Amino acid sequence: MTDQQWDAQNGTVSPAEAQARGPCWCCTGNGVLYSAFGGKQIKANCGECKGSGKAQP
């Protein structure tokens, strides 16, 4: 998987849309964030929802 494909797993959703549907706006419900830096593909828990994937009030 290329770094661009890895980053694309983050998805995009607006905060208002996420609140209406239920998933976290930052990680789109995955509970993790994907990044690539220095040739390494990194996966980290979402800081916004603390890894739950649910929208926070």
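Here are four short exercises on the structure above, each with a worked solution.

This is a predicted model, in which local features need pLDDT of at least 70, side-chain atom pairs count only at pLDDT 80 or more, and totals for chains, interfaces and linings use all residues. Residues are numbered from 1 along each chain as its sequence is written, and side-chain values use heavy atoms, with hydrogens and water left out.

**Exercise 1: the overall layout**

Task: Work out which secondary structure elements the protein chain has, and in what order they run.

Solution. Start with the definition: helices (H or I, at least four residues) and strands (E, at least two) are DSSP runs, numbered from the N terminus. The protein chain has two helices and two strands. Reading from the N terminus, their order is α-α-β-β.

Next, take the dimensions: the C-alpha trace spans about 35 × 20 × 15 Å along its principal axes. Then look at burial, where buried means under 20% relative accessible area, exposed over 50%, and partly exposed in between (1.4 Å probe, protein chains only). Of the 57 residues in the protein chain, 23% are buried.

Finish with contacts, meaning heavy atoms within 4.5 Å. Among those between residues at least 6 apart in sequence, 41% join residues at least 24 apart.

**Exercise 2: the cysteines**

Task: Find how many disulfides the count comes to.

Solution. First apply the rule: a disulfide is a pair of cysteine sulfur atoms within 2.5 Å. Now check C24, whose closest cysteine sulfur, in C46, is 3.9 Å away and therefore too far for a bond. Do likewise for C49: the closest cysteine sulfur belongs to C27, at 3.8 Å, so this is also too far for a bond. The count comes to zero disulfides.

As for their surroundings, C24 is buried, at a relative accessible area of 1%. C49 is buried too, with a value of 3%.

**Exercise 3: the aromatic pair**

Task: Which rings form the aromatic pair, and how are their planes set?

Solution. A pair of aromatic rings is described by the distance of the centres and the angle of the planes. Here rings of Phe, Tyr and Trp (its six-membered ring) pair if their centres lie within 6.5 Å; planes under 30 degrees apart count as stacked, over 60 as edge-to-face and the rest as tilted.

Searching the whole structure gives one aromatic pair. The ring centres of W6 and Y34 are 5.1 Å apart and their planes stand at 90 degrees, so the pair is edge-to-face. W6 sits in helix α1 (residues 3-8) and Y34 in strand β1 (residues 32-37), so that 28 residues separate these distant parts of the chain. To complete the picture, W6 is buried at 15% relative accessibility, and Y34 is buried with a relative accessible area of 15%.

**Exercise 4: three residues outside the helices and strands**

Task: Where do T28, K50 and Q56 lie?

Solution. Begin with T28, in the loop between α2 (15-21) and β1. T28 is not a glycine, yet has a positive phi of about 50 degrees. At 22% relative accessibility, T28 is partly exposed.

Move on to K50, in the segment after β2. K50 is also not a glycine and has a positive phi, of about 60 degrees. K50 counts as exposed, at 68% relative accessibility.

End with Q56, found in the segment after β2 (40-45). Leaving aside residues up to four places away in sequence, Q56 touches Q19, E48 and C49. The C-alpha atoms of Q56 and Q19 are 8.0 Å apart, although 37 residues separate them along the chain. Q56 is partly exposed, at 38% relative accessibility.
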